[in-house]
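Dear colleague,

Please find below the structure that I am handing over to you. My notes on what was found in it follow directly after.

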Amino acid sequence: MNLPKLLICSCLTISSALAWGVDVMEFQCKRFEKGYTEEYAMKLMLASGSQKAKVFLDDRDLDQSDAFGSQVVKSVTLARPNILISIEAKFQPEEVMGVSYPAGNVITNITLDPVTGKFKKVEKIQGGILGATIGNGTHTSEETCLLSKAPYKIK
């Protein structure tokens with residue numbers, strides 16, 4: 001009996017906060033894969049003014065670039081009831097333990113329902129070490145990400 005009330009309250013809180021113009025949403029996420037469980041925190045900062053949208057996993061900014069490649073959060077979009085996240089990564093050719101791998105890229109599209117916590121990730125892998133080890137093509141996975149704080153604005 002309390003679960004339906006909790007879901008209704010969560011839904012009202014999220015939709016009200018989004019209508020007011022939220023800047024930040026924080027989630028506690030779990031990934032289950034082959035008997036292994038990983039927990040991590042995810043923070044979404046929506047675009048505002050000249051600030052682009054940002055995604056942080058365990059306080060690590062996903063926008064990164066170095067000699068090995070780059071990863072860019074392309075967009076974080078509120079498409080009620082879901083949040084849509086698009087990320088693109090490009091990798092330079094590399095050699096690991098005597099094996100050479102060509103350049104590669106990964107386009108990731110995430111759909112997150114903040115009310116149910118359903119997190120669906122679709123990755124299109126082409127080349128690189130990931131293409132060689134995981135396989136080129138489209139890979140889909142699901143995780144769980146539940147709000148850990150009420151959405152809020154940055155002051």
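**Findings**

Within the sheet, G104 has G127 as its bridge partner in β11. Please bear in mind throughout that this is a predicted model. The strands that hold this pair of glycines are a convenient place to begin, and the rest of the sheet can be read outward from there.

**The chain and its sheet**

The chain has 155 residues, of which 31% are buried. Its secondary structure amounts to 2 helices and 12 strands. Followed along the sequence, these elements give the pattern α-β-β-β-β-β-β-β-β-β-β-β-α-β. As for contacts between residues at least 6 apart in sequence, 38% of them join residues at least 24 apart.

An open sheet of 10 strands is present, with antiparallel pairing and the order β4-β3-β2-β1-β12-β11-β10-β7-β6-β5. Its edge strands are β4 and β5 (64-66), since each of these pairs on one side only. In general terms, the strands of a sheet pair through backbone hydrogen bonds, in either a parallel or an antiparallel sense.

Three neighbouring pairings in this order may be described in detail:

- Strand β11 (residues 118-127) pairs with β10 over 9 bridges, in the antiparallel sense.
- Strand β10 (residues 104-112) is in turn joined to β7 by 9 bridges, and these two also run antiparallel. Here I87 has T108 in β10 as its bridge partner.
- Strand β7 (residues 82-91) pairs with strand β6 (residues 69-79) over 10 bridges, again antiparallel. In this pairing, V76 stands opposite I85 in β7.

**The turn between β6 and β7**

What joins β6 to β7? The connection is a hairpin through 2 residues. P81 is placed in the loop between these strands, and a cis peptide bond, with omega of about 5°, joins R80 and P81. A79, for its part, belongs to strand β6. A79 has a relative accessible area of 31% and is therefore partly exposed. Although A79 and T111 are 32 residues apart in sequence, their C-alpha atoms are 9.5 Å apart in space.

**Two residues with positive phi**

Most residues other than glycine have a negative phi, and most peptide bonds are trans. Two loop residues deserve mention on this account.

K34 has a phi near 50°, a positive value in a residue other than glycine. K34 is placed in the loop between β1 and β2 (36-45). Is K34 buried or exposed? Its relative accessible area is 81%, so K34 is exposed.

D58 likewise has a positive phi, near 50°, and is a residue other than glycine. D58 lies in the loop between β3 (54-57) and β4 (60-61). With a relative accessibility of 49%, D58 counts as partly exposed, because exposed requires over 50%.

**The disulfide**

The structure holds 1 disulfide. It is formed by C29 and C145, whose sulfur atoms are 2.2 Å apart. C29 is in strand β1 and C145 in strand β12 (residues 137-147), so the pair ties together parts that are 116 residues apart in sequence. The link of C29 and C145 is right-handed, with 120° about the S-S bond. Both C29 and C145 are buried.

**A buried glutamate in β1**

E26 is also found in strand β1 (residues 24-33). With a relative accessible area of 15%, E26 is buried, because buried means under 20%. Which residues is E26 in contact with, leaving aside its neighbours within four places in sequence? They are M42, K43, L146, L147, S148, K149 and Y152.

**The largest pocket**

Finally, the largest pocket has a volume of about 1,000 Å³. Its lining comprises 37 residues, and those nearest its centre are R31, Q71, T108, K121 and E123. T108 has thus been named twice, once here and once as the bridge partner of I87. By class, the lining of this pocket consists of 17 nonpolar, 9 polar and 11 charged residues.

With kind regards

Technical notes. Residues are numbered from 1 along each chain as its sequence is written. This is a predicted model: local features need pLDDT of at least 70, side-chain atom pairs count only at pLDDT 80 or more; totals for chains, interfaces and linings use all residues. Side-chain values use heavy atoms; hydrogens and water are left out. On a 1 Å grid over the protein atoms alone, a cavity is a set of points where a 1.4 Å probe fits but cannot get out, and a pocket is an open set with protein on both sides within 12 Å along at least five of seven lines; lining residues have an atom within 4 Å of a point. Grid points are joined across faces, edges and corners, and a volume is the space filled by probe spheres set on the points. Ala, Val, Leu, Ile, Met, Phe, Trp, Tyr, Cys and Pro count as nonpolar, Asp, Glu, Lys and Arg as charged, and the others, Gly among them, as polar. Helices (H or I, at least four residues) and strands (E, at least two) are DSSP runs, numbered from the N terminus. Buried means under 20% relative accessible area, exposed over 50%, partly exposed in between (1.4 Å probe, protein chains only). Contact means heavy atoms within 4.5 Å. A disulfide is a pair of cysteine sulfur atoms within 2.5 Å. Two strands pair if DSSP finds at least two bridges between them.
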